[in-house]
Amino acid sequence: MNQRSKLLIIDDEEIVLDSCTQILAGDDIQIVTASNGTLGLQLIKEIMPDLVFVDLKMPGISGLEVLEGIHDFDPNMVAIVITGYATVSSAVEAMKKGAYDFLPKPFTPDELRLIARRGLEKRRLTLEAITLRKEKEMLREQFAAIVSHELKAPLGAVQQNLFVLVDELSNQLTEEQKGRFERMKTSISDLINLILTWLRVLSVDVNKIQETFHPTSIASAVSKAVEIVQPHATRKDIEIIPSIEEPLKFVNGDEGTLVETLVNLLNNAVKYSRSGSQVLLKAEEGETDILISVTDSGIGISKEDLPYIFNDFYTGKSDQAVEKGSGIGLAITRRIVEAHHGVISVESEPGKGSTFMIRLPALKVPEHA
Amino acid sequence: MNTKIMMIDDDPDFVAGIKSILEKANYSVNVAYNPKDGFQALQVEHYDLLLLDIMMGRGAEGIALARKIRKDPKLKEMPVLIITGLREQIAFLFPGQSVHPHFVENDELLEKPVEPKLLLEKVKALLRLAEERKSKIQE
């Protein structure tokens, strides 16, 4: 830390305040003391210390109350309680109330130095984590803005001119040429939609979907997803075989994104399968959750790729001769599943196929109730 | 006299597409490629309708321009058709107002890219509304 660390000691015994100050004093540290809890809390708000030592047993407001005050004011402030041997149980209580550590009396100067250093280190790491989180958030928003303007805008302009050309040339174009224009328009609108999906997932907090969660039928999501992927499967001569255990409990969730999740998995399964093979889609009830699995007998995923496949923009290292993905489908899928408090996992053997499994917490009421 | 339309958008390719649709329908179209030139042009000459892009330059400069137009006594009655690639963001900024963004008195919103037929319908509707308001005031 380039700034001086600020340390506050709250204790009713003057000798403790003095000795602590002497032991800890240094160039990189500013020490402030308070002789009771009320004054301590006031100083906390005024100087916003990085680290607070607080005695548990004081006349007036107690150390535990000071801890609560610290936590209410700034949960990231690091507090260490000072306590006599006789009150170890209250030290435990203090840890529960958010104290980072405790220092039993009497303590040696080295013990105090060590625990203070650890406390300040903890504070530094906490602040660093907060900064990183903020930066990540900003990057994500900036990325969204760049994608929207730099990718979507030119595509929109191309599409606009296609619209106009079709319109202006309508008397001169042959049916075959009109068909070609239509296909161009379709491809571009698919691209624009893909960009919108990226934008939605990268710029918007997926957890926002939780605001509209309600009891949702997995059976219905499954059949919708199969319907969407069916044309892709038919083109590749692949059979999708759904098997849904009935009745199936509902999950608390958002149908649209759950369908998106299943579509992603099914599309992948079809994409990486050989013509003429089958893709199995199973939904069944576990003890407390719903288990959905998608199994293909396709090319599989190599061991070295397996740990990374749910990461953003990961498309695999091994150069297998298949259609390349955008590397974002599984990352989106994972985020949606996690927003539903679920877990996604994968088992795969190269050359034999893969199984993706999603576990979602089930609601207690069965589907037909 | 020809109906005169001003278009403010920083994307020349997009402008070319829109301009071509409007000119084929016998509108006279002038273009400014940034909000500053656009506002100046609006001061110099009277236009029946403004087509306005939102995301220009460093951000949502179109919104700032719409605010200036709303404050200008000469311009605030002018109908404005906002054409933007950012419908979702607009809807987010102004929830429940996706059709009439109400940046200015009389406006409508279209999303980029826009089908020629839809564009001409909206333009015609906005011009007709403006005409009706004018005759009401004169009565």
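**Entry 1: two prolines, one odd histidine**

I began with A:Pro247, which I found in the loop between β7 (239-244) and β8 (251-253) of chain A. The peptide bond that joins A:Glu246 to this proline is cis, with omega at about -10 degrees. A note to self before going on: this is a predicted model.

I then looked up A:Pro106, which lies in the loop between β5 and α5 of chain A. The bond leading into A:Pro106 from A:Lys105 is cis as well, and omega is near -10 degrees. I flagged these bonds because most peptide bonds are trans.

Next came A:His341, in the loop between α9 (329-339) and β11 of chain A. I read a positive phi of about 60 degrees there, although A:His341 is not a glycine. It caught my eye because most residues other than glycine have a negative phi.

**Entry 2: around A:Phe107**

I stayed with the loop between β5 and α5 (109-168) of chain A, where A:Phe107 is also found. Which residues does A:Phe107 touch, leaving aside its neighbours within four places in sequence? I listed A:Cys20, A:Ile82 and A:Leu112. I also took the distance from A:Phe107 to A:Gly84, 23 residues away along the chain: their C-alpha atoms are 9.7 Å apart.

**Entry 3: strands of chain A**

I followed β1 (residues 5-10) of chain A to its pairing with β2 (residues 29-34): the two strands run parallel and are joined by 6 bridges. One bridge I picked out is that of A:Ile10, whose partner in β2(A) is A:Ala34. Between the two strands the chain passes through helix α1 (residues 14-24) of chain A, and I noted this β-α-β crossover as right-handed.

Further along, I checked β11 (residues 343-349) and β12 (residues 353-361) of chain A, which run antiparallel with 7 bridges between them. Here A:Glu349 stands opposite A:Gly353. The hairpin leaves 3 residues between its strands, and A:Gly351 takes a positive phi near 85 degrees.

**Entry 4: salt bridges**

How many salt bridges does a search of the whole structure find? I got 26 over all chains. One that I opened up is between the side chains of A:Glu13 and A:Lys105, at 3.1 Å from N to O. A:Glu13 sits in the loop between β1 and α1 of chain A while A:Lys105 belongs to strand β5 (residues 101-105), so the pair ties together parts that are 92 residues apart in sequence. A:Lys105 is familiar from my first entry, as the residue before the cis bond to A:Pro106.

**Entry 5: where the chains meet**

My last stop was the contact of chain B with chain A, to which chain B gives 19 residues and chain A 15 residues. About 1400 Å² is buried between the two chains, 55% of it on carbon and sulfur atoms.

I counted 1 salt bridge between chain B and chain A. Its partners are A:Asp167 and B:Lys24, whose side chains meet at 3.9 Å, N to O. I noted that this value falls within the 4 Å cut-off for a salt bridge. The rule for polar contacts gave me 4 residue pairs across the interface, both members at pLDDT 80 or more.

Which elements of chain B supply at least two residues each to the side that touches chain A? I wrote down α1 (12-24) and α4 (87-93). The largest share comes from α1(B), with 8 residues. Sorted by type, the residues on this side of chain B divide into 9 nonpolar, 4 polar and 6 charged.

How values were computed. Residues are numbered from 1 along each chain as its sequence is written. Chains are lettered from A and ligands numbered from 1 in the order in which they are written. This is a predicted model: local features need pLDDT of at least 70, side-chain atom pairs count only at pLDDT 80 or more; totals for chains, interfaces and linings use all residues. Side-chain values use heavy atoms; hydrogens and water are left out. Contact means heavy atoms within 4.5 Å. Buried area is the accessible area (1.4 Å probe) that two parts lose on being put together, summed over both. A polar contact is a pair of N or O atoms within 3.5 Å; within protein, one must be able to donate a hydrogen and the other to accept it, and residues adjacent in sequence count only if both atoms are side-chain atoms. Helices (H or I, at least four residues) and strands (E, at least two) are DSSP runs, numbered from the N terminus. Ala, Val, Leu, Ile, Met, Phe, Trp, Tyr, Cys and Pro count as nonpolar, Asp, Glu, Lys and Arg as charged, and the others, Gly among them, as polar. Two strands pair if DSSP finds at least two bridges between them. A crossover is right-handed if, with the strands pointing away from the viewer, the path from the first strand over the helix to the second runs clockwise.
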